[in-house]
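Trainee: Please take a close look at one pocket and the residues around it. After that, go on to the salt bridges.

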Amino acid sequence: MATILPDVSRTFSEFLLVPRLTKKGQGVDKVDLTTPLARRHDAQADGFGINVPIVSACMQAVSGVELAISLARQGGLSFIFCSQPIESQADMVRHVKSHKAGFVLSDSNATPQTTLAEVIDLMKRTGHSTVPVTEDGSSTGRLIGLLTDKDFWEFEDDLSKQVKEHMTPMEAVIHGNVGVSLKEANQLLHKHKKECLPILDGENKLTSLVFKKDYVDHRRHPMELLDESKRLCVGAAINTHDYQQRVPALLEAGADALCFDSSDGFTDYQMEGIDWIKKNFGNDVVLGGGNIVSAEGFDYLVKNSELDFMKVGMGGGSICITREQKGTGRGQASALMAVVARRDEYFKETGIYIPVCSDGGLTNDTQIVIALAMGADLVMMGRYFAMTDESPTPKTSINGQMYKPYWGEGTQRAQNWQRYSDAMSSREMRFEEGVDAYVPLVGPLAEVFATTLSKVKSTMVNVGADSLSEFRQKAVLTIVSEQSVVEAGTSSVFQFTANRELEDLNWGTA
């Protein structure tokens with residue numbers, strides 16, 4: 001007969017944190033939310049990490065370019081979905097990496113003979129307001145001048161005129177030379193009150209651009225996640241079918257981390273993929289595996305590989321129905337605790353620390369805190385981000401309320417054949433492991449994210465912890481009863497659910 005585990009399959013909603021001593025001087029402003037994403041030896045502090053313990057799911061309805069940019073500015077990381085052609089995924093990664101790069105390779109250029117009409121079309125397509133004018137119209141040609149949207153009036157000037165009649169000529173362009181530091185380049189922009197600084201080599205050929213807006217963005221987003229070249233960081237998902245072609249393309253595009261996107265990562269296919277990637281790229285790639293729900297799955301993928309982090313979860317997502325369709329999975333809290341316990345044992349045995357990512361099963365900010373207390377180094381979420389302005393799906397009005405479409409990677413709509421075709425003899429998807437739904441629009445990511453991080457920090461202070469590692473060590477969890485869930489909510493009071501004016505009520509009467 002089958003082996004029956006004695007423990008109950010539990011969810012995050014079944015637990016509460018017991019407060020611990022908050023010491024004098026502790027406060028949310030002193031809490032450190034940085035967390036590792038790459039494996040560490042003997043708890044060393046180096047290696048790739050993120051500034052907040054939250055990443056976005058590898059989903060079509062979640063991790064697009066705009067969301068990846070916004071999340072990186074807040075200190076998190078997005079994993080661009082792989083259920084698309086390799087080149088289109090690589091292009092999305094490039095777009096994020098070029099959005100804010102300190103020294104930016106120009107991708108909007110013109111020749112002196114380009115017409116204003118052509119430049120306007122270029123500006124509208126790219127969203128750029130500054131266009132370098134080079135001899136050959138390339139991004140590395142000899143600089144002839146600079147044209148901005150302030151140099152002409154679209155509805156007043158003759159748009160058939162050539163750029164050379166409106167541009168700032170080279171002799172009047174303030175520029176920097178190759179070798180200048182980013183700090184020095186920003187000082188030149190400040191000194192000369194300019195928005196853009198071209199960087200030239202010894203032959204006056206354009207090498208890159210430095211923008212004032214990038215400096216301003218950085219000052220406004222002190223937690224933003226940047227690489228060594230001051231570019232925003234971005235992750236990308238891969239599968240077990242075309243990784244030999246997809247991985248090189250994504251790394252060439254600048255991806256900072258990769259992870260396998262699979263509902264069940266406890267397979268020989270994934271182990272073969274991990275081995276090939278690490279053999280060919282070694283420590284040049286930060287690689288995540290999974291998903292798993294047991295210590296056995298952890299040991300299989302970690303013991304004989306150089307895997308960097310592990311994703312945990314099966315069937316806990318808001319649009320995932322794997323448990324209903326196949327009867328496989330595990331309560332997210334139970335799965336996380338089992339894997340974390342094995343991770344900690346493995347660290348004691350080997351001195352190698354493998355970060356764990358809790359993927360799915362989170363319905364509110366409180367449960368993010370519970371997952372981190374249970375030992376997750378970070379959490380991955382889909383619905384949370386799908387509800388924001390920056391998710392890649394269009395806004396839709398339903399009965400006066402704004403919503404956004406949201407669907408799983410295991411749906412017909414996603415057509416993610418490669419993720420679910422291991423046991424299929426054809427490309428026909430015979431059943432779905434996800435649903436197609438709508439989620440309410442909540443607004444800009446920055447606003448909801450700030451609230452979430454404030455709650456996480458406040459709870460950590462309640463436990464007397466200043467860092468996530470200390471939080472895990474000090475956290476004491478208690479299982480809640482059905483009655484305590486009722487007690488935790490509002491009771492014996494009348495709540496106003498409509499927008500009613502207080503003056504309509506006679507507060508002076510008993």
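Mentor: A definition comes before the pocket: Ala, Val, Leu, Ile, Met, Phe, Trp, Tyr, Cys and Pro count as nonpolar, Asp, Glu, Lys and Arg as charged, and the others, Gly among them, as polar. Keep in mind that this is a predicted model. On that scheme, the lining of the second largest pocket has 10 polar residues, together with 5 nonpolar and 5 charged ones. The lining comes to 20 residues, around a volume of about 540 Å³. Nearest the centre of this pocket lie T126, G127, H128, F211 and K213. The elements that contribute two or more residues to the lining are α2 (86-99), α3 (116-126), β7 (130-134), β12 (206-211) and α5 (212-220). By these ranges, T126 belongs to α3, F211 to β12 and K213 to α5. The largest share of the lining is that of α2, with 3 residues.

Two of these helices also lead to the salt bridges, of which the structure holds 27. Start with α2: E87, D91 and R94 fall within its range, and these residues are linked with E252 in a network of salt bridges.

In α3, K124 pairs with E154, with 3.3 Å between the closest N and O atoms. This pair links distant parts of the chain, since E154 sits in the loop between β8 (143-148) and β9 (168-169), 30 residues from K124. K124 counts as exposed because its relative accessible area of 60% is over the 50% cut-off. E154, at 29%, is partly exposed, because that value lies between the 20% and 50% limits.

Two further pairs have a buried partner. D344 and R343 meet in a salt bridge, with 2.7 Å from N to O. D344 has a relative accessible area of 34% and is partly exposed, whereas R343 is buried at 1%, because buried means under 20%. The other pair is R472 with D377, whose closest N and O atoms are 3.5 Å apart. It joins helix α14 (residues 468-474), where R472 lies, to the loop between α11 (365-373) and β19 (378-381), where D377 lies, and the two residues are 95 residues apart. D377 has 0% relative accessibility and so counts as buried.

Notes. Residues are numbered from 1 along each chain as its sequence is written. This is a predicted model: local features need pLDDT of at least 70, side-chain atom pairs count only at pLDDT 80 or more; totals for chains, interfaces and linings use all residues. Side-chain values use heavy atoms; hydrogens and water are left out. On a 1 Å grid over the protein atoms alone, a cavity is a set of points where a 1.4 Å probe fits but cannot get out, and a pocket is an open set with protein on both sides within 12 Å along at least five of seven lines; lining residues have an atom within 4 Å of a point. Grid points are joined across faces, edges and corners, and a volume is the space filled by probe spheres set on the points. Helices (H or I, at least four residues) and strands (E, at least two) are DSSP runs, numbered from the N terminus. A salt bridge is a side-chain nitrogen of Lys or Arg within 4 Å of a carboxyl oxygen of Asp or Glu. Buried means under 20% relative accessible area, exposed over 50%, partly exposed in between (1.4 Å probe, protein chains only).
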